[in-house]
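Me: I should like to go through this structure step by step and ask how each description of it is justified. Please set every value against its definition.

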Amino acid sequence: MSSMLQLKGLCTYYGNIQALWDVDLKIDEGEIVTLVGANGAGKSTTLMSVCGVVPVRRGEILFEGKAIQNLKSDRIVRLGISQVPEGRLIFPDLTVMENLEMGAYLRRDKSEITKDINYVFELFPILANRRHQSGGTLSGGEQQMLAISRALMARPRLMLLDEPSLGLAPIIIRQIFDIIRMVNERGTTVFLVEQNASQALKVAHRAYVMETGRITLSGTGEKLLADKTVRRAYLGG
Ligand code: ATP
């Protein structure tokens, strides 16, 4: 069986500066795969290459066997990939409901959209309580929940998450990771980019480590959690 997502020899540049060097990575349907690494390693660039935000200069990105590198972002969303960007980037002046509707803007199946709104309210009951509140008045954790919910409203088969734990308190981080696991168990494949390696490796089936734009290690989450170099570099001991 071929993988759901495959990156083959991916090279991405910012102007003349090469940010990704021959990145090879795959995600099978049903998995949670994480990409961990230090600040500036190239994790966000990898995600942004997949979702068409930064151009790929060489290499291939295959989604369900189809080459998608350098397609426009809206085409990529239509194919079944949606992204939760770093920093959440919800619409602060729109209500929770309106933010969710924005997530479904490419869809025409109105009755199914209502079902999905109920699904995200079941995942995040706090958002149901705050449905008429504007996004900007939510706490950081609630905004992250809204950003995840908005991505789910596109009904993705693959969800990309960029640093969902950034700036959140430990108890909220645990909640967010529990939800990621739950979303995955309900059938969405997950590609998670994180600096918080310990939480990410615990939730992931498989993981890749990135250093200065290159993949340097890969294996099951469990194996990397036990790996001495990973422990020293990313887990504080
Ligand atoms: P972070 O956790 O800080 O987001 P990261 O692992 O996601 O780190 P990237 O943001 O992908 O790393 O950055 C990879 C490299 O590309 C870094 O050297 C960074 O300085 C550079 N870079 C990122 N964005 C740009 C940009 N818009 N223009 C030029 N260089 C960039």
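Reply: Let us begin with the largest pocket of this predicted model. The residues that line the largest pocket comprise 16 nonpolar, five polar and six charged ones. The space in the largest pocket amounts to about 530 Å³. Of its 27 lining residues, Val77, Ser82, Gly103, Tyr105 and Ala154 are the closest to the centre.

Me: Which elements give two or more residues to the lining of the largest pocket, and which gives the most?

Reply: Helix H2 (73-79), strand E6 (81-84), helix H3 (96-103) and helix H6 (140-152) each give two or more residues to that lining. H2 gives the most, with five residues.

Me: What makes up the lining of the second largest pocket, by class?

Reply: The second largest pocket holds about 150 Å³ of space. Its lining consists of Asp116, Tyr119, Leu152, Arg155, Pro156, Arg157, Arg186, Gly187 and Thr188. Asp and Arg count as charged, Tyr, Leu and Pro as nonpolar, and Gly as polar. The lining therefore divides into three nonpolar, two polar and four charged residues.

Me: How do you know that asparagine 39 makes a polar contact with the ligand?

Reply: A polar contact requires a pair of N or O atoms within 3.5 Å. A polar side-chain atom of asparagine 39 lies 2.3 Å from an oxygen atom of the ligand, so the pair satisfies the cut-off.

Me: Why are serine 44 and threonine 45 also said to make polar contacts with the ligand?

Reply: For serine 44, a polar backbone atom is 2.7 Å from an oxygen atom of the ligand. For threonine 45, an N or O atom in the side chain is 2.5 Å from an oxygen atom of the ligand. Both values are within 3.5 Å, and therefore both pairs count as polar contacts. On its own the ligand has 630 Å² of accessible area, of which the protein covers 58%.

Me: Which element gives the most to the shell around the ligand?

Reply: Helix H1 (residues 43-50) gives the most, with three residues. The shell contains four nonpolar, six polar and three charged residues. Of the 13 residues around the ligand, Asn39, Gly40, Lys43, Ser44 and Thr45 come nearest.

Me: How do you know that strand E1 and strand E4 pair?

Reply: Pairing requires at least two bridges between two strands. Strand E1 (residues 5-14) and strand E4 (residues 56-63) have six bridges in the antiparallel sense, and so they pair. Glutamine 6 stands opposite leucine 62 in E4.

Me: Why are E2 and E5 called edge strands?

Reply: The open sheet has four strands in the order E2-E1-E4-E5, with antiparallel pairing. Strand E2 (17-27) and strand E5 (66-67) each pair on one side only, and are therefore the edge strands.

Methods
Residues are numbered from 1 along each chain as its sequence is written. This is a predicted model: local features need pLDDT of at least 70, side-chain atom pairs count only at pLDDT 80 or more; totals for chains, interfaces and linings use all residues. Side-chain values use heavy atoms; hydrogens and water are left out. A residue is near a molecule or strand if one of its heavy atoms lies within 4 Å of it. A polar contact is a pair of N or O atoms within 3.5 Å; within protein, one must be able to donate a hydrogen and the other to accept it, and residues adjacent in sequence count only if both atoms are side-chain atoms. Accessible areas come from the Shrake-Rupley method with a 1.4 Å probe; for residues, only the protein chains shown count as cover. On a 1 Å grid over the protein atoms alone, a cavity is a set of points where a 1.4 Å probe fits but cannot get out, and a pocket is an open set with protein on both sides within 12 Å along at least five of seven lines; lining residues have an atom within 4 Å of a point. Grid points are joined across faces, edges and corners, and a volume is the space filled by probe spheres set on the points.
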